[in-house]
Amino acid sequence: MDALKSYIDVQPIGTNIPKYLEEVFLTQPYVLILGDRPMPSQAVTIFERKALERQSLMSAVDVCFKLFSSWT
């Protein structure tokens, strides 16, 4: 569970993503989900204060790992 928390951030539905990106300090890729972890309403890959909206949590995690591989 700690490993999941290190690269998946869970925020409530309605979170202002542009404001969220202004306040984020992490530069490495990670996943932001809006809503519940088991059934998120939105999944986004975050990298260098940019948001890449994905259609599913699985897709967001896939992109995150690919970005992480090329980032290191």
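Here are some numbered notes to help you find your way around this structure, which is a predicted model.

1. Let's start with the overall layout. The protein chain has three helices and four strands, and along the sequence they come in the pattern α-β-α-β-β-β-α. If you like to trace a chain from the N terminus, helix 1 covers residues 2–7, strand 1 covers 8–11, and helix 2 covers residues 17–23. Next comes strand 2 at residues 30–35, then strand 3 at residues 40–47 and strand 4 at residues 50–54. Helix 3, residues 57–71, ends the pattern.

2. A few whole-chain numbers are handy to keep in mind. Of the 72 residues, 33% count as buried. The chain exposes about 4900 Å², and carbon and sulfur atoms supply 58% of that area. As for contacts between residues at least 6 apart in sequence, 35% of them join residues at least 24 apart.

3. Now the sheet. It is an open one with four strands in the order 1-2-3-4, and the pairing is mixed. Strand 1 and strand 4 sit at the edges, each pairing on one side only. From one strand to the next, the twist averages 30°. As a bit of background, strands of a sheet pair through backbone hydrogen bonds, either parallel or antiparallel.

4. Two of the strand pairings are worth a look on screen. Strand 2 and strand 3 run antiparallel and share six bridges; to find your place there, look for Val 31, whose bridge partner in strand 3 is Thr 45. Strand 3 and strand 4 are antiparallel too, joined by five bridges. Here Ile 46 makes a good marker, standing opposite Ala 51 in strand 4.

5. What lies between strand 3 and strand 4? The two form a hairpin with two residues between the strands. Glu 48 is in that loop, and so is Arg 49. Glu 48 has a positive phi of about 50° although it is not a glycine. Arg 49, also not a glycine, has a positive phi of about 60°. Are these loop residues buried or exposed? Glu 48 is partly exposed because its relative accessibility is 42%, and Arg 49 is partly exposed with a relative accessible area of 42%.

6. Arg 54 is a nice place to see the sheet and other parts of the chain come together. Arg 54 lies in strand 4 and is partly exposed, at 34% relative accessible area. Which residues does Arg 54 touch, leaving out those up to four places away in sequence? They are Ala 43, Thr 45, Ser 59, Ala 60 and Val 63. Arg 54 and Val 31 are 23 residues apart in sequence, with their C-alpha atoms 9.9 Å apart in space.

7. How many aromatic pairs does a search of the whole structure find? One. The partners are Tyr 7 and Phe 65: their ring centres are 5.6 Å apart and their planes meet at 45°, so the pair counts as tilted. The pair links distant parts of the chain, with Tyr 7 in helix 1 and Phe 65 in helix 3, 58 residues apart. Tyr 7 is partly exposed at 23% relative accessibility, which puts it over the 20% limit for buried residues. Phe 65 is also partly exposed, at 45%.

8. The salt bridge search is a short story as well: the whole structure holds one. In general, side chains of opposite charge can pair when their charged atoms come close. Here the side chains of Asp 62 and Lys 66 meet, at 3.0 Å from N to O. Both residues lie in helix 3, four residues apart, which is about one turn of the helix. Asp 62 is partly exposed, with a relative accessible area of 37%, while Lys 66 counts as exposed because its relative accessibility is 54%.

9. One last stop is helix 2, where you will find Pro 18. Pro 18 is exposed, with a relative accessible area of 55%. Where does Pro 18 sit relative to Lys 50? Their C-alpha atoms are separated by 9.0 Å, and along the chain the two are 32 residues apart.

Definitions and conventions: Residues are numbered from 1 along each chain as its sequence is written. This is a predicted model: local features need pLDDT of at least 70, side-chain atom pairs count only at pLDDT 80 or more; totals for chains, interfaces and linings use all residues. Side-chain values use heavy atoms; hydrogens and water are left out. Rings of Phe, Tyr and Trp (its six-membered ring) pair if their centres lie within 6.5 Å; planes under 30 degrees apart count as stacked, over 60 as edge-to-face and the rest as tilted. Buried means under 20% relative accessible area, exposed over 50%, partly exposed in between (1.4 Å probe, protein chains only). Contact means heavy atoms within 4.5 Å. Accessible areas come from the Shrake-Rupley method with a 1.4 Å probe; for residues, only the protein chains shown count as cover. Two strands pair if DSSP finds at least two bridges between them. A salt bridge is a side-chain nitrogen of Lys or Arg within 4 Å of a carboxyl oxygen of Asp or Glu. Axes are lines fitted to C-alpha atoms, for helices over the stretch in contact, and angles run from 0 to 180 degrees between N-to-C directions.
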